[in-house]
Amino acid sequence: MTALLQVGNLPTEIISPLCKDFDTLTPNLYKDGSYRLRRYSKIIYDKHTKEIALLRGSQFVQSEEFNKFQGGVVRQYDDLSDELLQSKGFLTIVDTFAKKGELPDSATIEIHQIRVVAKDPTTPTVTTPEGIHQDGYDRIGMFTINLADAQGGDLCVYKANDKKTLITTIPSKMGAYCVMDDDKLWHYGTDLIADKQSGHWDLFVLTASLSS
Ligand SMILES: [Fe+2]
């Protein structure tokens, strides 16, 4: 079984301008809404022209098969900001995902912009309450934008739903990413621990199906 797994780093000068957009994320009413702040958009990306077309107002729903924590719930989040959608850093992320993930020339991509908040150094934030999991797509990409005043949030990749099958751990730092075969590999993010009062981990999670 060969499964696609690509790990790399995007230049910090391209990624760091994206940090400020995460400061405008707000809590939401869903089960994880107080500590996983989020925006969500669905786009169509053309690899050749490098054009991003926003499918405004898309809803996010995951089956219970893949998300025991809050599967089956239709979730509506604000779209990514226009400023972000037009930025060079965001285009670099989408293009990296499309190329490394070997997506079709025109691909539908779902994008989660997430800030995981850690508030109390004595109480780690569980970044992945669903445990080691798959998300139900052909491809998933995780791109860390920033890890501020916190430790943890490492991305762990597994061959199976079993922690003994760990393939690699990717420490969360600005620009670090992985793109993988979500159908064959499994993933998990480690807990996040604030250094002092409060810290956060900012990341994008991109998903796509090859048939789209
Ligand atoms: Fe996931």
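This report walks through strand 12, helix 4, the main nonpolar core and a small three-stranded sheet in a predicted model.

## Strand 12 and its two partners

Let's start with strand 12, which covers residues 199-208. Nine of its ten residues are buried, so the rest of the structure largely encloses this strand.

Strand 12 pairs with strand 4 (residues 106-118) through ten bridges, and the two run antiparallel. If you would like a landmark for this pairing, Glu110 has Thr207 of strand 12 as its bridge partner. Strand 5 (residues 139-148) is also joined to strand 12, here by nine bridges and again in the antiparallel sense. A handy landmark for that pairing is Gly141, whose bridge partner in strand 12 is Leu206. In general, strands of a sheet pair through backbone hydrogen bonds, either parallel or antiparallel.

## Helix 4

Helix 4 takes in the 13 residues 88-100. At 1.5 Å a residue it should span 18 Å, and its end C-alpha atoms are indeed 18 Å apart, so expectation and model agree.

The buried residues of this helix include Gly89, Phe90, Ile93, Val94, Phe97 and Ala98. It helps to recall that an α-helix has 3.6 residues a turn, so residues three or four places apart point the same way. After helix 4 comes Glu102, which has a positive phi, near 50°.

## The largest nonpolar core

The largest nonpolar core has 45 residues, and Ile109 and Cys178 are those with the most contacts inside it. Elements giving two or more residues to this core include helix 4, strand 2 (36-46), strand 9 (176-181) and strand 11 (192-194), along with strands 4, 5, 7 and 12. Strand 4 supplies the largest share, six residues. As a general point, nonpolar side chains tend to be buried together in soluble globular proteins.

Which residues does Cys178 touch, leaving aside those up to four places away in sequence? Its contacts are Leu5, Gln6, Val7, Gly141, Met142, Leu155, Val157 and Ile170. Gly141 is thus a residue to look at twice: it touches Cys178 and is the bridge partner of Leu206.

## A three-stranded sheet

Three strands make up an open, antiparallel sheet in the order 8-7-10. Strand 8 (166-170) and strand 10 (186-189) are at the edges with a single partner strand each, so each has one side without a neighbour in the sheet. On average, neighbouring strands here are turned by 20° against each other, direction ignored.

Four bridges link strand 7 to strand 8 in the antiparallel sense. In this pairing, Tyr158 has Leu166 of strand 8 as its bridge partner.

Conventions. Residues numbered from 1 in each chain as written. Predicted model: local features only at pLDDT ≥ 70, side-chain atom pairs only at ≥ 80, totals over all residues. Buried ≥ 20, exposed ≤ 12 C-beta atoms within 10 Å, placed from the backbone. Pairing = 2+ DSSP bridges. Expected span 1.5 Å × (residues − 1). Core = buried A, V, L, I, M, F, W, Y, C linked by C-beta atoms within 7 Å. Contact = placed C-beta atoms within 7 Å. Axes fitted to C-alpha atoms, helices over the stretch in contact; angles between N-to-C directions.
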